[in-house]
Amino acid sequence: MKPRIERPRGVSVARVLVETLTIPVLLFLGLLLCFPLAFHQPQPHHAKIAVAGLTVERRVDTALRREDRDGFDVTAVADARDARRAVLDRDAVAGFAATDGHAVLYVAKANGSALEQALAKGFTQLAAHDHQKLTVTDVAPTVGKDGPGTTLVYFGIAWNVPGYILATTLLRAVTFTRRRKLITIAGAAGLFSVVGFLVGAGLGFFPDDPKTLAIAFLLTTAVATFSLGMAPFVKHFFPLAGLGLYVVLSVPSSGLVPVQLLPRFFQGLHTVMPLGNAVDALRGVLYFDGAGVLKPVLVLCAWIAAGTALLGLDALRHRTAAGRRAQDEQEDVPEPPVEDPSVEAPAPTALPVRPHHFGEPLPMLEGTVRDTGQEPVHHAAVTVMDAGGRQLVRTTTNARGEYAVSGLPEGYISVVASHPGRAPLVHQKLLQSGVAIRADFTLHDRRNRTPVGSGAEHAGPRHARHGS
């Protein structure tokens, strides 16, 4: 007989579809909008230019505004040396000096070759208009294997996304305290930073500077700590929050396209996102003699502090809730753990029996435990085992004798209900994908010689019942 699909009471097919599609649709829209807007036809937006001499500065500012009103922010400096120094100090992306028939443009390939080319093109046209020969001088060249000046972004992504994945795996480490989880994050971040540095410096993708280790460590720690801290608050939207923060918003604003060529929205994101700040700090350490490193390092530390504060707030919330439960015990099953379906398959989990909340796992197995007088049995133990006798999950019934379980594997399972002073009862069930089943029990007093095995059950194939 074909098993009948039963859905939890009050949950419609439309609602299940909405819950299933919400996160993929929002991520799709985020990727669809953010990536093309950031990477399609990049052009300067408020790129800072230092020009030697007030007279030349006015002429250059007028010419650049004529071509693009919001493309450049031009400021005057004393001479060519100060224009060059402004680029090295990261106060400007380019410096310009012109004398007689010759002009010099100071740029930094470490900021990205796309920006260097855009600046060279614009100022070549400007110099030609003034009948000047332009010389382009790179004051911060990258290593030979980093021609586009974007390799640091790739290493940043390698230290960024695994931090989020690390947090998702630590959510399932239920035997770890918060302190032990933070220690694990620190250890993993240290390992990632060392391995990444050895690969990058060893293969010549960036200069051999050990300060890279500290920035890589801060990036992974910031992402993992904040992710772990926000998980209890965003709950089942954790995949959306994590992928949205660390992929949809971070990658377009990371510097893969030079920040000065991005629209203002992504430039603003760059100033606050951990990946963009880490890339800024790495460039400052490796190519600009430490210039401009303090601010991005402080931003990374702020992410770590925010994540730690969220963990502390969650701990306080749980202590308060535990105190309330001690005074008014209404629910015997804890909240289900936050699951990230983009990383792992659901694990066998006991669920609280209550009206379904948006985004929560749907029960795969549910039922009631009653006595021979059809009164609910409170605190009855319900154990689910696989075909090999291995325990999958164990829960207890609430005051109404109800229980619910999710995340079970397909195949035959055994469901055992027991209570002190009563004869335990076993039901065997066949779980199939998309089929919700029930296993209801009637437990007899051990002194009652009425044969056991009278449990009522619904859905699923014919089963065997055993009592002891």
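A residue is called buried here when its relative accessible area is under 20%, exposed when that area is over 50%, and partly exposed in between. With this yardstick in hand, the charged pairs of the structure, which is a predicted model, can be read one at a time. Asp61 makes a good start: its relative accessibility is 18%, so Asp61 counts as buried. Its partner is Arg65, and the two side chains meet in a salt bridge with an N to O distance of 3.2 Å. Arg65, at a relative accessible area of 37%, is partly exposed. Both residues belong to helix α2 (residues 54-67), where they sit four residues apart, or about one turn of the helix.

Side chains of opposite charge can pair when their charged atoms come close. In this model, a search of the whole structure returns ten salt bridges, among them the Asp61 and Arg65 pair just described. Another joins Arg317 to Asp314, with 2.9 Å from N to O. Helix α11 (residues 294-327) holds both of these residues, three residues apart, again about one turn of the helix. Asp314 is buried, with a relative accessible area of 5%, while Arg317 is partly exposed at 35%. The pair does not stand alone, since Arg178, Asp314 and Arg317 are linked in a network of salt bridges.

A further salt bridge brings together the side chains of Asp440 and Arg438, at 3.1 Å from N to O. Here Asp440 is buried, with a relative accessible area of 8%, and Arg438 also counts as buried, at 13% relative accessibility.

Attention can now turn to the packing of helices. Helix α5 (residues 151-170) packs with helix α6 (residues 178-202) at an angle of about 155°, and their axes lie 11 Å apart. Angles over 145 degrees count as roughly antiparallel, and α5 and α6 are therefore roughly antiparallel to each other. The crossing of these two helices is right-handed.

The surface offers a nonpolar feature to set beside the charged pairs. Val13, Leu17, Leu21, Val25, Leu26, Phe28, Leu29, Leu32, Leu33 and Leu37 form a nonpolar patch there, with about 920 Å² of accessible area together. One member of the patch, Leu33, is found in helix α1 (residues 13-39). The relative accessible area of Leu33 is 52%, so this residue is exposed.

Note on methods:
Residues numbered from 1 in each chain as written. Predicted model: local features only at pLDDT ≥ 70, side-chain atom pairs only at ≥ 80, totals over all residues. Heavy atoms only, no water. Patch = residues over 30% accessible without salt bridge, like charges linked within 9 Å, V, L, I, M, F, W, Y side chains within 5 Å. Areas by Shrake-Rupley, 256 points an atom, 1.4 Å probe, with all protein chains shown as cover. Salt bridge = Lys/Arg side-chain N within 4 Å of Asp/Glu carboxyl O. Buried < 20%, exposed > 50% of the residue type's maximum accessible area, 1.4 Å probe, protein only. Axes fitted to C-alpha atoms, helices over the stretch in contact; angles between N-to-C directions. Parallel < 35°, antiparallel > 145°, perpendicular 65-115°, else oblique. Left-handed = near helix turned anticlockwise from the far one by under 90°.
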